[in-house]
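Let's take a friendly walk through this structure, beginning with the overall picture and then stopping at a few places along the chain. Have the sequence and the 3D view open side by side as you read.

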Amino acid sequence: MPRRHQMTICRLALLLGTTALMPLSADRARAACVFLGGADYQCTDDSGGTIIVGAPAANVNIGNTGADRNATFPSELTIFGTAINVTFATTTTPSSFNGNGGLVVSQSGPTSDAISVTGMNAVMNLAGGIGIEVNANTSGTTTIETVAGGTITTGGNGLEYRNAHITPGTLTITVGATITAGANNSALLIDTGGSSTLNVNADLQGAITYSGRTTGTVVINVGAGVTVSPTGIYQTIALNNVSDATVNNGGTIVAGASSLYTNSNTTLNNQASGTISSSATGYAFRQHGSGKTLIVDNAGTIVGTGFSVAGSTVSVINSGTWTANAASAFTGTATLANSGTFVSGAFTTALTSVTNSGSVNIQAGGTLSTTGGYIQSAGGTAVDGTLQGTVTLNGGQILGTGTIAGNLTANAGATVSPGGSTGTLAVTGNATFNAGSTYRVEIAGAAADLFTVTGTASLAGTIQLVAGGGSYSFNAPYTVLTAAGGRTGTFGNVTTVGSFGVGVTSEVSYTAKAVEVTLRPGSLVSAGSGGSGSPVSDWSSASGLSLNNWSVAAAIDRAVANGADPSFLYQIYARGDREALLAALRTLTGEV
């Protein structure tokens with residue numbers, strides 16, 4: 001409790017003795033807060049420097065709806081009692097607080113009486129001090145509510161709640177109007193060992209700082225369209241020493257040092273409409289509790305990485321978009337289960353393990369490091385930076401022009417595809433293609449995909465050739481896989497996506513340390529005849545070929561058979577179907 005309020009209570013105790021504080025008469029309730037009898041007080045007009053003492057209850061109504069009279073407070077309104085109920089009337093001109101303090105509620109106790117501050121629609125425009133300050137000592141309930149019009153702007157903290165009871169009761173705070181705190185101050189500052197619910201339905205400029213006593217729970221609900229941002233380097237939401245905490249975010253949480261700091265068991269639910277972001281050098285979330293768990297369930301957008309201490313656990317379940325924009329600092333266990341989109345920027349994100357069924361993009365200059373392995377069941381992984389650790393593909397595709405720093409195993413249903421179009425993907429360990437896996441190779445003009453393996457390569461499954469277009473060369477092998485440690489096995493199947501041309505055949509060959517693909521010229525006579533007829537000597541059996549077409553095609557076939565290189569005629573061979581080939585042959589006969 002602030003020192004000034006402690007001194008006020010001491011002076012009142014000296015005046016009133018050690019018995020319960022008694023209500024002041026109307027002339028003692030200074031300025032325009034009038035004692036109505038019983039426990040009721042009415043505050044209208046200019047009510048500067050008012051102190052109200054209830055015995056034991058104080059029911060204070062600020063403003064008068066029937067008379068349409070508001071109240072103005074050039075300094076604090078302080079209310080003492082055990083059961084305290086403060087309500088705000090709706091008037092044409094709202095009530096207001098100015099000066100260096102707002103509404104102060106101080107409860108004598110310990111007690112089980114409730115505190116209620118509801119419908120707070122008064123404008124607080126304070127040079128300093130605290131907007132709403134509640135000093136409780138109760139095992140009963142506390143309800144604090146601000147509504148539209150009840151903005152708080154102050155050089156200090158926006159709303160403070162402290163409960164000194166040994167078994168604090170429940171707290172519910174609902175923010176319905178903007179709170180703007182002073183630099184490096186909190187919009188909401190809570191200190192209680194009880195269970196709390198904070199409903200944030202309006203913007204907060206200032207941190208949410210919550211301190212517990214390792215007991216009780218806290219639930220923080222940030223509504224859709226709401227922005228919570230710090231006014232300095234504070235953690236935007238800081239949770240200290242509670243048994244369990246849940247943050248449900250449907251709005252935008254902007255980080256100072258981090259968006260979420262916790263040393264307690266915490267679940268962060270970032271909803272589809274939610275955004276959590278960090279500064280360039282900050283963190284989106286931090287777990288500082290050894291032996292504690294932070295679960296991040298993201299269906300929205302997270303920008304920034306995470307932090308954990310030794311002995312803690314961070315588990316990220318991502319069905320939305322998570323973009324890591326700074327080097328991670330996980331020293332505890334940190335796992336990612338991704339079914340959405342994860343982007344590792346030009347930094348290092350070090351995780352214990354990753355399971356992926358969505359999209360993972362490791363950008364150039366970035367590193368995604370795993371000590372417990374990377375397992376993909378579906379989706380895709382684009383490696384243009386470095387994927388470090390053991391990689392197991394049980395489905396989906398891995399592609400890119402970066403490096404897999406570890407061993408790679410492709411099982412049935414998985415596809416390895418170097419490049420984005422054509423390019424080189426490197427593995428610094430061993431590579432294994434098991435039955436049912438696919439190695440996808442694009443060949444475009446003079447370029448082809450390449451998979452380089454520093455260790456050994458064990459091959460099975462399918463090699464899939466993709467015709468990427470361009471001017472190919474005949475009889476010049478494309479090297480599509482190298483294994484410095486040696487190759488074993490072969491691909492059991494060869495398939496082709498697209499067409500290199502009706503007059504082109506492909507050939508896959510193997511050396512001790514490489515796999516090569518060679519494009520060969522086929523028989524133009526056979527291709528033009530739909531696969532029938534003698535290549536060079538039997539026009540009569542070459543159905544569908546005119547004599548002129550057959551003569552040109554047969555001449556080219558004979559030249560190729562005698563060692564000629566027909567690469568300069570590749571565009572003839574590369575026609576997509578028989579009719580296109582016949583049209584191309586006619587350009588050589590003079591028939592056009």
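Before we go to a particular strand, a word on naming: strands here are DSSP runs of E with at least two residues, and they are numbered from the N terminus. Please also keep in mind that this is a predicted model.

With that naming in hand, T142 makes a good starting point, as this residue lies in strand β14, which covers residues 142–146. Is T142 buried or exposed? Its relative accessible area is 1%, and because the cut-off for buried is under 20%, T142 is buried. Leaving out residues up to four places away in sequence, T142 touches I115, Y161, T170, L171 and T172. Y161 deserves a second look, since the side chains of T142 and Y161 make a polar contact at 3.1 Å. To get a feeling for distances in this model, now jump from T142 to I404: the two are 262 residues apart in sequence, and their C-alpha atoms are 56 Å apart in space.

That distance leads us to the overall shape. Taken along the principal axes, the C-alpha atoms fill a box of roughly 125 × 50 × 30 Å. The radius of gyration of the protein is 38 Å, whereas a compact globule of 592 residues would have one near 25 Å. As for secondary structure, the protein has 63 strands and five helices. Buried residues make up 51% of the 592 residues. The accessible surface comes to about 21,600 Å², and carbon and sulfur atoms account for 53% of that area. Contacts can also be sorted by how far apart the partners sit in sequence: among contacts with a separation of 6 or more, 54% are between residues 24 or more positions apart.

Next, let's look for covalent cross-links. A disulfide is a covalent bond between the sulfur atoms of two cysteines. How many disulfides does the count come to? The count is one, and the disulfide joins C33 to C43 with an S to S distance of 2.0 Å. The link of C33 and C43 is right-handed, with 115° about the S-S bond. C33 sits in strand β1 (residues 33–37) and C43 in strand β2 (residues 40–43), ten residues apart. Both ends are buried: C33 has a relative accessibility of 1%, and C43 has a relative accessible area of 0%.

Further along the chain, we come to N248, which has its place in strand β26 (residues 244–249). At 17% relative accessibility, N248 counts as buried, because the cut-off is under 20%. What does the side chain of N248 make polar contacts with? One partner is the side chain of N221, at 2.9 Å, and another is the side chain of N269, at 2.9 Å. If we leave aside neighbours within four places in sequence, N248 is in contact with V219, I220, N221, V222, N269 and Q271.

Our last stop is the aromatic rings. A pair of aromatic rings is described by the distance of the centres and the angle of the planes. The count in this model comes to 15 aromatic pairs. One of them is formed by F285 and F330, a tilted pair with 6.5 Å centre to centre and 35° between the planes. F285 lies in strand β31 (residues 283–287) and F330 in strand β37 (residues 329–330), so this pair ties together parts that are 45 residues apart in sequence. Both of these phenylalanines count as buried, F285 at 1% relative accessibility and F330 at 13%.

Another tilted pair is formed by F474 and Y570, with 4.8 Å centre to centre and 45° between the planes. This pair links distant parts of the chain, 96 residues apart: F474 is in the loop between β58 (462–467) and β59 (478–483), while Y570 is in helix α4 (residues 570–573). F474 counts as buried at 3% relative accessibility, and Y570 counts as buried at 2%. Which residues form one aromatic cluster with F474 and Y570? The cluster also takes in Y472, F500 and Y573.

Definitions and conventions. Residues numbered from 1 in each chain as written. Predicted model: local features only at pLDDT ≥ 70, side-chain atom pairs only at ≥ 80, totals over all residues. Heavy atoms only, no water. Helix = DSSP H or I, 4+ residues; strand = E, 2+ residues; numbered from the N terminus. Buried < 20%, exposed > 50% of the residue type's maximum accessible area, 1.4 Å probe, protein only. Polar contact = N/O pair within 3.5 Å; in protein donor to acceptor, adjacent residues only side chain to side chain. Contact = heavy atoms within 4.5 Å. Disulfide = S-S within 2.5 Å. Rg over C-alpha atoms; globule rule 2.2 N^0.38 Å. Areas by Shrake-Rupley, 256 points an atom, 1.4 Å probe, with all protein chains shown as cover. Phe/Tyr/Trp six-rings, centres within 6.5 Å; stacked < 30°, edge-to-face > 60°.
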